[in-house]
Amino acid sequence: MKGLEQYQSSSYIKKQRLINYWYVVDAVRSFAPKSVLEVGVGNGIVTKILRTFVPRVTTVYIDSSLLPDIVASIEELPLPDASVDVAVADEFLEHLPFKSFAKSLVELRRVVRQGAVLSIPHYGAVFSFSMKVPLMRFQHFIFKIPYFWKTKPLSSEHEWEIGLKEYPLSRIDRAVREAGFIVAKRLIGHDDSYRMIFILKKRYESR
């Protein structure tokens, strides 16, 4: 686990990471939530932004030194069922062994009413193209080829990353579905192509 000093260092707070925060916050805003559970505290930037438009933001992390609201594991959240609108896990799940991924998703699904936003590294070769036509908005096109022949994540601090040999996107999608979520949207920003954002909606079983 990282200490607070490392989260606040210039080597950690890079341009692409700040851009990632924007995509995560924008995804949360799409739910128009009244309450959010943020798993992982990090440098607190996302928390501060969320609290500008969400009435209740609760942080949870296993390391008490980062001063989360709740000290607990994502696999055993001390919260009632359907007690928050949306859960956020931004650059967090890849630090856990993949065997914890499914269990974490199930626990997130249990405590949310609407859905969840995940940001997970996606390792691959990027082809990106942007253009601007007068009177029209910028158009961005991105295509990514996973490094399906590689086995080691780009970051030594990660246990796994999407796009590696054992972690194709189909495996992540399957875990999401089995946990009781629907993938409403996936996106890779043209200005932060390393991470994939998942917008998940909670699936309710028909009676």
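The paragraphs below go through a predicted model, from its nonpolar interior to its salt bridges and a patch on its surface.

The largest nonpolar core has 41 residues, and those with the most contacts inside it are Leu93, Phe101, Leu118, Trp160 and Ile172. At least two residues of this core come from each of strand 1, strand 2, strand 4, helix 4, strand 5, helix 5, strand 8 and strand 9. A second, separate core of 19 residues includes Tyr21, Tyr23, Leu50 and Val117. In soluble globular proteins, nonpolar side chains tend to be buried together. Leu118 touches, among others beyond four places away in sequence, Leu93, Leu105, Leu108 and Phe198.

Helix 4, which spans residues 99-111, has among its buried residues Phe101, Ser104, Leu105 and Leu108, and the cover over the buried residues of this helix includes strand 1, strand 4, strand 5, helix 5, strand 8 and strand 9.

Charged side chains also pair within the model, where a search of the whole structure finds nine salt bridges. Arg195 forms one with Glu91, the closest N and O atoms being 2.9 Å apart, and this pair joins strand 9 to the loop between strand 4 and helix 4, 104 residues apart. Arg195 counts as buried because its relative accessibility is 6%, and Glu91 likewise counts as buried at 11%. Arg195 also meets Asp192 in a salt bridge at 2.7 Å, N to O, and Arg17, Glu91, Asp192 and Arg195 are linked in a network of salt bridges.

On the surface, Phe127, Phe143, Ile145, Phe148 and Trp149 make a nonpolar patch of about 570 Å². Phe127 lies in strand 6 and is partly exposed, with a relative accessible area of 48%.

Conventions: Residues numbered from 1 in each chain as written. Predicted model: local features only at pLDDT ≥ 70, side-chain atom pairs only at ≥ 80, totals over all residues. Heavy atoms only, no water. Buried < 20%, exposed > 50% of the residue type's maximum accessible area, 1.4 Å probe, protein only. Helix = DSSP H or I, 4+ residues; strand = E, 2+ residues; numbered from the N terminus. Contact = heavy atoms within 4.5 Å. Patch = residues over 30% accessible without salt bridge, like charges linked within 9 Å, V, L, I, M, F, W, Y side chains within 5 Å. Areas by Shrake-Rupley, 256 points an atom, 1.4 Å probe, with all protein chains shown as cover. Salt bridge = Lys/Arg side-chain N within 4 Å of Asp/Glu carboxyl O. Core = buried A, V, L, I, M, F, W, Y, C linked by side-chain atoms within 4.5 Å.
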